Amino acid sequence: MSENLKHSLESRSQSPKRPSKISKTTSEEAEAESMSKPQGIQRYLIAIEYIGTRFSGSQQQSNCRTVVGVLEEAFRKFIGQPVSIFCSSRTDAGVHALSNVCHVDIERISKRKPGEVLPPHEPIVVQRAVNHFLQKNEGDVMVVDVRSVPADFHARFKAQERTYFYRLLSGPEPLSTFEKDRAWHIPEELDVLAMQEACKILVGHHDFSSFRAAGCQAKSPIRTLDELNVSEVVSSPNFPTIAERTRNLVQKDIQCTNNPEADCHSSFNGGTDQGFGLRKKHRCIVVTARARAFLYHQVRLLVGVLKCVGTGDLKIPDVERILNAKTVTAASPMAPACGLYLGHVRYDLP
């Protein structure tokens, strides 16, 4: 063998490995390491937010677009197999959620080796992957939090408390395009103090038959309403006016807090001098209802009565009369779905 040929063979034998082989080896080692972790089905608790306008409710229905249907499709694309999702709270068509909670069971199967079970995904991986597919489907629902929970943890039955918010926009001007289907427009002025007085009658442990819609499947109309509150907040979307940008809003807030009778109305509606081309803001009134569980349409029926108190169509004694009547026919017309938001579901998490 010539000296040059011998030198060439030695050089090839000492050359470094190709990057692709290193990458493949590293990948195989990582997968082998992950295989040592516990495997099987993992239950995840999923918190989701959604705009309910284009949904026919949250629960799965045939031939209808629902929150659960869209969510199950996103999970199917993520893991490559169908799943069943169970919600903590059902919401009707047009009702929104800042945070509804559901659970889902996932078995991670290898895509390279079908039938091979891999360790469960980390919660953040589930959140990012599912949101990727949700954004390709209208983008009106999103996963906001994920947590691994025990196999017997049920999103509905383990819920300790549910909080709902209802938005009312008061004022004679037509509702803003940005608020369409996001609140109940009340052309009249609302007496917030009277509405707050009415809440004192309704809060607590009662027979809420007058606030229970037909078709309710609950065995008993008895419920404990832990909180029923009416408050005025800044209307959104909120962008500061020239006056608001130049004055000390913090001092104004302190003044309003310490003196409830102070004229703080301008801090909510932006004042009367709007200038040409600038919309006058509505007053934004939010009703908060908190309880372990609610009857069918209970919150919307409660808001319907409170709204009538705010406009003066009902007096405080009328509210007690309606509650004691124990029939839904005694209540005022039910508030529309568009202003209702499921705000929070509380758990004692493991």
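**Exercise 1. Is Phe211 buried or exposed?** Decide this for the predicted model shown above, and then describe the surroundings of the residue.

*Solution.* Begin with accessibility: Phe211 has a relative accessible area of 0%, and since buried means under 20%, Phe211 is buried. Next, look at what surrounds the residue: leaving out residues up to four places away in sequence, Phe211 touches Leu202, Leu295, Tyr296, His297, Gln298, Leu301, Leu302, Val305, Ile322 and Leu323. Finally, place Phe211 in the wider setting: the largest nonpolar core has 81 residues, and those that touch the most other members are Ile46, Leu71, Phe75, Val130, Leu168, Phe211 and Leu306. As general background, nonpolar side chains in soluble globular proteins tend to be buried together.

**Exercise 2. Find how many aromatic pairs the whole structure holds, and classify two of them.**

*Solution.* The search of the whole structure gives five aromatic pairs. For one of them, Tyr50 with Phe55, the ring centres are 6.2 Å apart and the planes stand at 75 degrees, and because planes over 60 degrees apart count as edge-to-face, this pair is edge-to-face. Tyr50 and Phe55 are both buried. A further pair joins Phe208 to Phe211, with 6.2 Å from centre to centre and 70 degrees between the planes, and this pair is also edge-to-face. Phe208 counts as buried because its relative accessibility is 0%, and Phe211 is likewise buried at 0%.

**Exercise 3. Work out which strands pair with strand 1, and whether strand 1 is enclosed.**

*Solution.* Take the partners one at a time. Strand 1 (residues 41-50) pairs with strand 3 (residues 96-107) in the antiparallel sense over nine bridges, and within this pairing Ile41 stands opposite Glu107. Strand 1 is also joined to strand 4 (residues 141-149) by eight bridges, again running antiparallel, with Arg43 standing opposite Val149. For the second part, eight of the ten residues of strand 1 are buried, so the strand is largely enclosed by the rest of the structure.

**Exercise 4. Describe the setting of Ala97 in strand 3.**

*Solution.* Ala97 lies in strand 3, and it counts as buried because its relative accessibility is 4%. Apart from neighbours within four places in sequence, Ala97 is in contact with Ile48, Glu49, Tyr50 and Leu342. Sequence separation can also be set beside distance in space: Ala97 and Tyr164 are 67 residues apart along the chain, while their C-alpha atoms are separated by 8.8 Å. For the chain as a whole, among contacts with a separation of 6 or more, 74% join residues 24 or more positions apart.

**Exercise 5. Trace the pairing of strand 8 on both of its sides of the record of bridges.**

*Solution.* Strand 8 (residues 222-233) pairs with strand 7 (residues 204-207) in the antiparallel sense over four bridges, and the bridge partner of Gly204 in strand 8 is Leu225. Strand 8 and strand 9 (residues 283-291) also run antiparallel, joined by eight bridges. Here Leu225 appears again, with Ala291 in strand 9 as its bridge partner.

**Exercise 6. Check the length of helix 9, and say what follows the helix.**

*Solution.* Helix 9 (residues 298-311) has 14 residues, which at 1.5 Å a residue should span 20 Å, and the C-alpha atoms at its ends are 20 Å apart, so the two values agree. Of the 14 residues of helix 9, 13 are buried, and the helix is therefore largely enclosed by the rest of the structure. Just after helix 9 comes Gly312, which takes a positive phi of about 95 degrees.

**Exercise 7. Compare the settings of Glu138 and Lys326, two residues that have a positive phi although neither is a glycine.**

*Solution.* Glu138, with a phi of about 75 degrees, is placed in the loop between helix 4 (123-134) and strand 4, and at 54% relative accessibility it counts as exposed. Lys326, with a phi of about 55 degrees, is placed in the loop between helix 10 (316-325) and strand 10 (340-346), and at 44% relative accessibility Lys326 counts as partly exposed.

**Exercise 8. Explain why Cys102 forms no bond with Cys87.**

*Solution.* The closest cysteine sulfur to that of Cys102 belongs to Cys87 and is 4.7 Å away, which is too far for a bond. This fits the search of the whole structure, which finds zero disulfides. Cys102 counts as buried, because its relative accessibility is 1%, whereas Cys64, at 33%, counts as partly exposed.

Notes:
Residues numbered from 1 in each chain as written. Predicted model: local features only at pLDDT ≥ 70, side-chain atom pairs only at ≥ 80, totals over all residues. Heavy atoms only, no water. Core = buried A, V, L, I, M, F, W, Y, C linked by side-chain atoms within 4.5 Å. Buried < 20%, exposed > 50% of the residue type's maximum accessible area, 1.4 Å probe, protein only. Contact = heavy atoms within 4.5 Å. Pairing = 2+ DSSP bridges. Helix = DSSP H or I, 4+ residues; strand = E, 2+ residues; numbered from the N terminus. Expected span 1.5 Å × (residues − 1). Disulfide = S-S within 2.5 Å. Phe/Tyr/Trp six-rings, centres within 6.5 Å; stacked < 30°, edge-to-face > 60°.
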